[in-house]
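Thanks for sharing this one with me. Here are my notes, written so that you can follow along with the model open beside you.

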Amino acid sequence: MQSFNLCPPERLRNLRGVLTDIDDTLTQGGVIAPAALSALQTLERAGVPVIAVTGRPSGWSEPFALSWPVRAIVAENGAVMLRRDEKGALKREFSQDAPTRSANFARLQACAAAVLRQVPQARLATDSAGRLTDIAVDHAEFAQLDAAQIEAVCAVMHAHGLVATVSSIHINGWIGEHSKWTAAAWAVPALLGEEFDPRRWLYIGDSANDQLMFERMPLTVGVANIALWAPRLRHLPTFVTDGERGEGFAEMARALLQARAGNG
Ligand SMILES: [Mg+2]
């Protein structure tokens, strides 16, 4: 990872928009950092669309989809897109049809029960009630699991045929091909009426569940607290900010807007 200060302004100047993780990229302890909120407002005013892509549940994300200046939040790792309609009301769309979701729901609950049986220290995430298409085990939000316990939870999920990813706070498991990558390919055409061209978007995140984006997107940025995760990641972002969490996001937004203004 190189310092984000070394990112050439040419790489930022013609970007179409920003894709961002939420936990520990915009927020700390689940609360948005003032610097991040103000950066989102500045980007929105400058006409730079921001789409947030998170492992958080639909229920947790809905108030933020209504109140943060983002075009949408794609929750549950690509399963649910939340945005404001023309009247400002919440619009919720799913990437899987209703019969698939209800068939999966029963399998997911069976897997959650198996995780709790087989990894006795595991606790379901406190935001589990708002989850429509996945399950989540807390490893660093209110509970603590070590690396071996996180691995054990992932192994149970895999044995049940789930996809498993590890965010900065939770281990998420779901059924289906969706991911943060498919979330981007879904949201960009739906929101902007154009194909998703990964070369024209920047992705910013902080942990293991951002790795697919770090691997596939040409321009990726980690906020400084990615240092906590870096030894365990197979795919790292191109650049890393000086600031942690919301301060790092704001640092990226400032450079992007300076580059667009021709001052970068
Ligand atoms: Mg995160």
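**Notes on the cavity, the metal site and their surroundings**

1. Let's begin with the lining of the largest cavity, whose residues divide into 1 nonpolar, 6 polar and 3 charged. Please keep in mind as you read that this is a predicted model. The cavity itself has a volume of about 50 Å³, and the count of cavities of 30 Å³ or more comes to 1.

2. Which residues line the largest cavity? They are Asp21, Asp23, Thr54, Gly55, Arg56, Ser167, Ile169, His170, Asn172 and Asn209. Try selecting them in your viewer. You can then colour by domain: the lining draws at least three residues from each of domain 1 (2-94 + 178-259) and domain 2 (98-174).

3. Next, look at the magnesium ion. Which residues are its protein donors? They are Asp21 (OD), Asp23 (O) and Asp206 (OD), lying 2.0 to 2.2 Å from the ion. Notice the atom labels: Asp21 and Asp206 are listed with OD, while Asp23 is listed with O. Along the sequence, the donor residues follow the spacing D-x1-D-x182-D. Two of these donors, Asp21 and Asp23, also appear in the lining of the largest cavity.

4. Are Asp21 and Asp23 buried or exposed? Buried means under 20% relative accessible area. Asp21 has a relative accessible area of 3%, so it counts as buried. Asp23 has 8%, so it is buried too.

5. Asp24 deserves a stop of its own. Asp24 sits in the loop between β2 (17-20) and β3 (27-28), and it is buried, with a relative accessible area of 12%. Its phi is near 65 degrees, a positive value in a residue other than glycine. As background, most residues other than glycine have a negative phi.

6. The backbone oxygen of Asp24 also has a polar partner: the side chain of Asn225 reaches that oxygen at 2.9 Å. Asn225 belongs to the loop between β14 (219-222) and β15 (239-240). A polar atom of the Asn225 side chain also lies 2.8 Å from the backbone nitrogen of Arg245. So where does Asn225 stand on accessibility, buried or exposed? At 4% relative accessibility, Asn225 counts as buried.

7. Glu76 is another residue with a positive phi although it is not a glycine, here about 50 degrees. You will find Glu76 in the loop between β6 (72-75) and β7 (80-84). The relative accessible area of Glu76 is 0%, so this residue is buried.

8. Now for the largest pocket, which holds about 580 Å³ of space. Of the 24 residues that line the pocket, the closest to its centre are Ala164, Thr165, Val166, Ala208 and Gln211. The elements giving two or more residues to this lining are α5 (147-159), β11 (163-166) and α7 (211-216). By class, the pocket lining has 10 nonpolar, 8 polar and 6 charged residues.

9. Where does the largest pocket lie with respect to the domains? Domain 1 (2-94 + 178-259) and domain 2 (98-174) both give residues to its lining, so the pocket lies between them.

10. Helix α8 (residues 245-260) is worth a look for Met252, which lies in it. At 0% relative accessibility, Met252 counts as buried. Met252 and Leu202 are 50 residues apart in sequence, and their C-alpha atoms are 9.7 Å apart in space.

11. Two more pairs are good practice for your distance tool. Arg83, in strand β7, is buried, with a relative accessible area of 14%. From Arg83 to Asn209 there are 126 residues in sequence and 22 Å in space, C-alpha to C-alpha. Met1, in the segment before β1 (2-3), is partly exposed, with a relative accessible area of 46%. Met1 and Val119 are 118 residues apart in sequence and 34 Å apart in space, again C-alpha to C-alpha.

Conventions:
Residues are numbered from 1 along each chain as its sequence is written. This is a predicted model: local features need pLDDT of at least 70, side-chain atom pairs count only at pLDDT 80 or more; totals for chains, interfaces and linings use all residues. Side-chain values use heavy atoms; hydrogens and water are left out. Donors are N, O and S atoms within 2.8 Å of the metal (3.2 Å for Na, K and Ca); water is not among the atoms, so sites may look incomplete. Buried means under 20% relative accessible area, exposed over 50%, partly exposed in between (1.4 Å probe, protein chains only). On a 1 Å grid over the protein atoms alone, a cavity is a set of points where a 1.4 Å probe fits but cannot get out, and a pocket is an open set with protein on both sides within 12 Å along at least five of seven lines; lining residues have an atom within 4 Å of a point. Grid points are joined across faces, edges and corners, and a volume is the space filled by probe spheres set on the points. Ala, Val, Leu, Ile, Met, Phe, Trp, Tyr, Cys and Pro count as nonpolar, Asp, Glu, Lys and Arg as charged, and the others, Gly among them, as polar. Domain bounds come from an automatic or database domain assignment. Helices (H or I, at least four residues) and strands (E, at least two) are DSSP runs, numbered from the N terminus. A polar contact is a pair of N or O atoms within 3.5 Å; within protein, one must be able to donate a hydrogen and the other to accept it, and residues adjacent in sequence count only if both atoms are side-chain atoms.
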